[in-house]
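Dear colleague,

Here is the structure I said I would pass on. My notes on it follow below.

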Amino acid sequence: MQTILRRLSLLLALLVALAGCAAAEAVPNPREEVADASAVEAALDISFGAPEGVEAVYTVIGGTTGEAAFTVGELECTLRAARTEDDISGLFMEMSEPTVEERALGEDAVSVSYRSTEENGGYDVYTWFVDDVQYCLVLHGEASVMTAGEMLDGVLAACAPAQHE
């Protein structure tokens, strides 16, 4: 009797494990790589793009967030945009208190919040809103103030609403 119960328990455990694998395979990947910035713009109805002259990999995440991943020199950069007030940086670590500065956005200006951390090689995070769309530029690695400013200005120019009207 104990042998039968052990075998049934093993069979049940195996069936549960197989069902779990089948369920995991059925879950769609929330990240969909797309051809370019215009595909992100069309999918999310937002102005979006990496700085001019930069090759980027564009992704739509969960049908709600646009992402452009690119590298400039040794600096890894990620730009995200979504209609949310939640943190879209993708970083879950202690960050510095934010500081805010005004930056040019096309013919207008925008308030850009900056925060950073030294964890995992260091990150600089720039966040701003245009209407109801939040943009977040994450620089991973050591960026000089000049390089960070150039990246931010390039992204602001690429995402300015006047660029895409």
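**The largest pocket**

The largest pocket holds about 150 Å³ of space. Please keep in mind that this is a predicted model. Eleven residues line the pocket, and those nearest its centre are D45, I46, S47, Y135 and P161. By type, the lining is made up of five nonpolar, two polar and four charged residues.

Two of the residues named there, D45 and P161, come up again further down.

**The chain as a whole**

The protein chain contains three helices and eight strands. Read from the N terminus, the order of elements is α-β-α-β-β-β-β-β-β-β-α. The chain has 165 residues, and 39% of them count as buried. Its accessible surface is about 10200 Å², with 54% of that belonging to carbon and sulfur atoms. I also looked at contacts between residues at least 6 apart in sequence: 46% of these join residues at least 24 apart.

**Helix 2 and the residue after it**

Helix 2 covers residues 37–44, and its buried residues are A37, V40, E41 and L44. Why do they lie on the same side of helix 2? They cover an arc of only 100° around the axis, and therefore share one side of the helix. The spacing fits a general rule: an α-helix has 3.6 residues a turn, so residues three or four places apart point the same way.

What do the buried residues of helix 2 pack against? Their partners are strand 1 (31–34), strand 2 (56–61), strand 3 (65–72) and strand 4 (75–82).

D45 comes just after helix 2, in the loop that leads from helix 2 to strand 2. D45 is not a glycine, yet it has a positive phi of about 55°. Is D45 buried or exposed? Its relative accessibility is 62%, so D45 counts as exposed, the cut-off being over 50%. D45 is also one of the pocket-lining residues that lie nearest the pocket centre.

**A second positive phi**

D131 also is not a glycine and has a positive phi of about 55°. This residue sits in the loop between strand 7 (123–130) and strand 8. With a relative accessible area of 74%, D131 is exposed.

**Helix 3 and the segment after it**

A157 belongs to helix 3. At 41% relative accessibility, A157 counts as partly exposed. Its C-alpha is 9.0 Å from that of A50, although A157 and A50 are 107 residues apart in sequence.

P161 is in the segment that follows helix 3. P161 is partly exposed, at 26% relative accessible area. Which residues does P161 touch, not counting residues up to four places away in sequence? They are S47, L105 and V130. S47, like P161, is among the lining residues nearest the centre of the largest pocket. From C-alpha to C-alpha, P161 and G106 are 7.6 Å apart in space, and they are 55 residues apart in sequence.

**Two more positions**

G141 is in the loop that joins strand 8 (133–140) to helix 3 (145–159). Its relative accessible area is 22%, so G141 is partly exposed rather than buried, buried being under 20%. Not counting residues up to four places away in sequence, G141 touches L75, G121 and G122. The C-alpha atoms of G141 and E76 are separated by 6.9 Å, with the two positions 65 residues apart along the chain.

V100 is part of strand 5 (residues 99–105). V100 counts as exposed, at 59% relative accessibility. Leaving aside neighbours within four places in sequence, V100 is in contact with S111, V112 and S113. For V100 and S111, the C-alpha to C-alpha distance is 6.3 Å and the separation in sequence is eleven residues.

**For a look at the model**

A place to start is D45, which follows helix 2 and also lines the largest pocket. From there, P161 is another of the lining residues nearest the centre, and its contacts include S47. The buried side of helix 2 can then be followed through A37, V40, E41 and L44 to the strands packed against it, including strand 1 and strand 4.

Regards

How values were computed:
Residues numbered from 1 in each chain as written. Predicted model: local features only at pLDDT ≥ 70, side-chain atom pairs only at ≥ 80, totals over all residues. Heavy atoms only, no water. 1 Å grid on protein atoms, 1.4 Å probe; cavity = no way out; pocket = protein on both sides within 12 Å on 5 of 7 lines; lining within 4 Å. Points joined across faces, edges and corners; volume = space filled by probe spheres on them. Nonpolar A, V, L, I, M, F, W, Y, C, P; charged D, E, K, R; others polar. Buried < 20%, exposed > 50% of the residue type's maximum accessible area, 1.4 Å probe, protein only. Helix = DSSP H or I, 4+ residues; strand = E, 2+ residues; numbered from the N terminus. Arc of directions from axis to C-beta. Contact = heavy atoms within 4.5 Å. Areas by Shrake-Rupley, 256 points an atom, 1.4 Å probe, with all protein chains shown as cover.
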